[in-house]
Amino acid sequence: MNIQRVIALVTAPVGLLFLLSDPQSLLRFIASTGLNWYQVFNPIAWGIILGTAAGLLRFHQVQKFAVWGTYAATALTTFGAVGTIAIYFEHRLWYLGWPTMWVAALGIGIYSFFLMQLRFAEKFQKDSEEDSE
């Protein structure tokens, strides 16, 4: 089965739950999880930090999972962005879309992890080749 289809089948019901929720239940969910602007976009920062560390430490085994990670990141980012926009148009309040914004940020964080690992591994390799010459 195609990974994108699996992710869509899993995330679609969750998206409908968020979309069909009334504002009070979304606020209760946000309050119970403690989401705020910092926590919503935190996965992007962690993706950059961990990807950079993995690249500098020459942890190249990560790239074996880059294709699957890119599929998951694409699906999560798309689901989160579309869900956030749908919640906004349903309730006309951006902060009610924080849970789906977090999902989109998680997707961007996963993609950033693989991208930063590759970029820093390449840069580290080029720098070490130049030093050896």
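This is a short dialogue on reading a predicted model.

Q: Which secondary-structure elements does the chain contain, and in what order do they run?
A: Start with the list of elements, then read along the chain. Here there are five helices and zero strands, so the order from the N terminus is α-α-α-α-α.

Q: What share of the contacts with a separation of 6 or more joins residues 24 or more positions apart?
A: Sequence separation is the quantity to read. In this chain such pairs account for 85% of those contacts.

Q: How much of the chain is buried, and how much area does it expose?
A: These are two separate totals. Of the 133 residues, 34% are buried. The exposed area is about 8,500 Å², with 68% of it supplied by carbon and sulfur atoms.

Q: How many aromatic pairs does the structure hold?
A: The count is seven. Each pair is classed by the angle between ring planes, and under 30 degrees counts as stacked. Tyr88 and Trp94 are stacked because their planes lie at 10°, with ring centres 4.3 Å apart. Tyr95 and Trp98 are edge-to-face, at 65° and 6.5 Å centre to centre.

Q: Is Trp98 buried or exposed?
A: Relative accessibility decides this, and under 20% means buried. Trp98 has 12%, so it counts as buried. Its partner Tyr95 has 35% and is therefore partly exposed. Both belong to one aromatic cluster with Trp37 and Phe41.

Q: Which residues form a nonpolar patch with Tyr95 on the surface?
A: A patch is read as a group with a joint area. Leu27 and Leu93 join Tyr95, with about 230 Å² accessible together. Leu27 sits in helix 2, residues 23–33, and is partly exposed because its relative accessibility is 38%.

Methods:
Residues are numbered from 1 along each chain as its sequence is written. This is a predicted model: local features need pLDDT of at least 70, side-chain atom pairs count only at pLDDT 80 or more; totals for chains, interfaces and linings use all residues. Side-chain values use heavy atoms; hydrogens and water are left out. Patches are made of residues with over 30% relative accessible area and no salt bridge: like charges are joined within 9 Å, nonpolar side chains (Val, Leu, Ile, Met, Phe, Trp, Tyr) within 5 Å. Accessible areas come from the Shrake-Rupley method with a 1.4 Å probe; for residues, only the protein chains shown count as cover. A salt bridge is a side-chain nitrogen of Lys or Arg within 4 Å of a carboxyl oxygen of Asp or Glu. Helices (H or I, at least four residues) and strands (E, at least two) are DSSP runs, numbered from the N terminus. Buried means under 20% relative accessible area, exposed over 50%, partly exposed in between (1.4 Å probe, protein chains only). Contact means heavy atoms within 4.5 Å. Rings of Phe, Tyr and Trp (its six-membered ring) pair if their centres lie within 6.5 Å; planes under 30 degrees apart count as stacked, over 60 as edge-to-face and the rest as tilted.
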